[in-house]
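Biologist: Show me the model, please. Then I will ask how each label is earned.

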Amino acid sequence: MSDPRLRALKTDITALACDAIVNAANESLLGGGGVDGAIHRAAGRELLAECRSLGACPTGSARITRGYALPARHVIHTVGPVWSGGDAGEARLLASCYRACFALAREHGLHSLAFPAVSCGVYGYPLRPAATIAVKEARSALAANQALESVTFACFSDDMLAIYQALLSAPARGD
Ligand code: AR6
């Protein structure tokens with residue numbers, strides 16, 4: 001049975017008014033292209049200033065900032081792995097990104113979160129395995145944290161939306 005707190009939407013993540021949107025950043029946290037560039041543009045220069053004060057963020061970890069001019073109250077910046085064939089710990093690191101984001105959400109009492117497909121753009125992670133990890137980690141976090149009211153997967157393409165929708169309508173796997 002799909003969890004009603006979990007949904008996939010075709011949307012620009014910067015438009016979402018939730019407690020936090022997640023940014024697919026790089027270790028410098030100083031901005032870049034893709035969703036990172038879009039979030040920094042929409043949030044304004046104060047976001048970069050706060051990111052600068054945080055220092056670097058290792059791959060698989062996450063940091064939280066305010067959302068500034070975004071409709072979202074906070075941004076959780078996580079650094080996904082660069083895909084290099086699948087034998088370099090990519091799956092473990094990507095799962096670690098989602099877990100780190102959910103841990104910060106819990107620590108800060110956040111109720112609604114939205115994720116882009118971390119690592120699936122410039123970093124080249126194949127969409128379906130990445131989405132499978134994202135959905136599995138979201139289901140675990142929702143089961144463990146009743147204060148979490150909604151988790152949205154913000155999809156930037158129809159292909160991505162179809163992959164998430166198929167995963168969300170399938171029964172949760174026990175692995
Ligand atoms: N809303 C939702 N999803 C988006 C948006 C948006 N506005 N823009 C892009 N996407 P990417 P990565 C999707 O490349 O692979 C940056 O330069 C996009 O279609 O943004 O983790 C950072 O600074 C894709 O599905 O992130 C890093 O250097 C997904 O977001 C590097 O890219 C992630 O694509 C991180 O690469």
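**The ligand and its pocket**

Modeller: An oxygen atom of the ligand is 2.8 Å from a polar backbone atom of Gly121. Alone, the ligand exposes 700 Å², and the protein buries 88% of that. Such areas come from the Shrake-Rupley method with a 1.4 Å probe.

Biologist: What makes the Gly121 pair a polar contact?

Modeller: A polar contact is a pair of N or O atoms within 3.5 Å. The Gly121 pair is at 2.8 Å, so the pair counts. Val35 also offers a backbone N or O atom, 2.8 Å from a ligand oxygen. From Asp12, a side-chain N or O atom is 2.9 Å from a ligand nitrogen.

Biologist: How far can I trust the model?

Modeller: It is predicted: local features need pLDDT of at least 70, side-chain atom pairs count only at pLDDT 80 or more, and totals for chains, interfaces and linings use all residues. Residues are numbered from 1 along each chain as its sequence is written, and side-chain values use heavy atoms, without hydrogens and water.

Biologist: Which residues come nearest the ligand?

Modeller: Of 22 around the ligand, Asn26, Gly33, Val35, Asp36 and Gly121 do. A residue is near if one of its heavy atoms lies within 4 Å.

Biologist: Which element gives the most to that shell?

Modeller: α1 does, with 4 residues. Helices are DSSP runs of H or I, at least four residues; strands are E runs of at least two.

Biologist: Which space does the ligand take?

Modeller: The largest pocket. A molecule sits in a pocket if more than half of its atoms lie within 2 Å of its grid points. The volume of this pocket is about 600 Å³, the space filled by probe spheres set on the points.

Biologist: What classes make up the shell around the ligand?

Modeller: The shell has 12 nonpolar, 8 polar and 2 charged residues. Gly counts as polar, and Asp, Glu, Lys and Arg as charged.

Notes. 1 Å grid on protein atoms, 1.4 Å probe; cavity = no way out; pocket = protein on both sides within 12 Å on 5 of 7 lines; lining within 4 Å. Polar contact = N/O pair within 3.5 Å; in protein donor to acceptor, adjacent residues only side chain to side chain.
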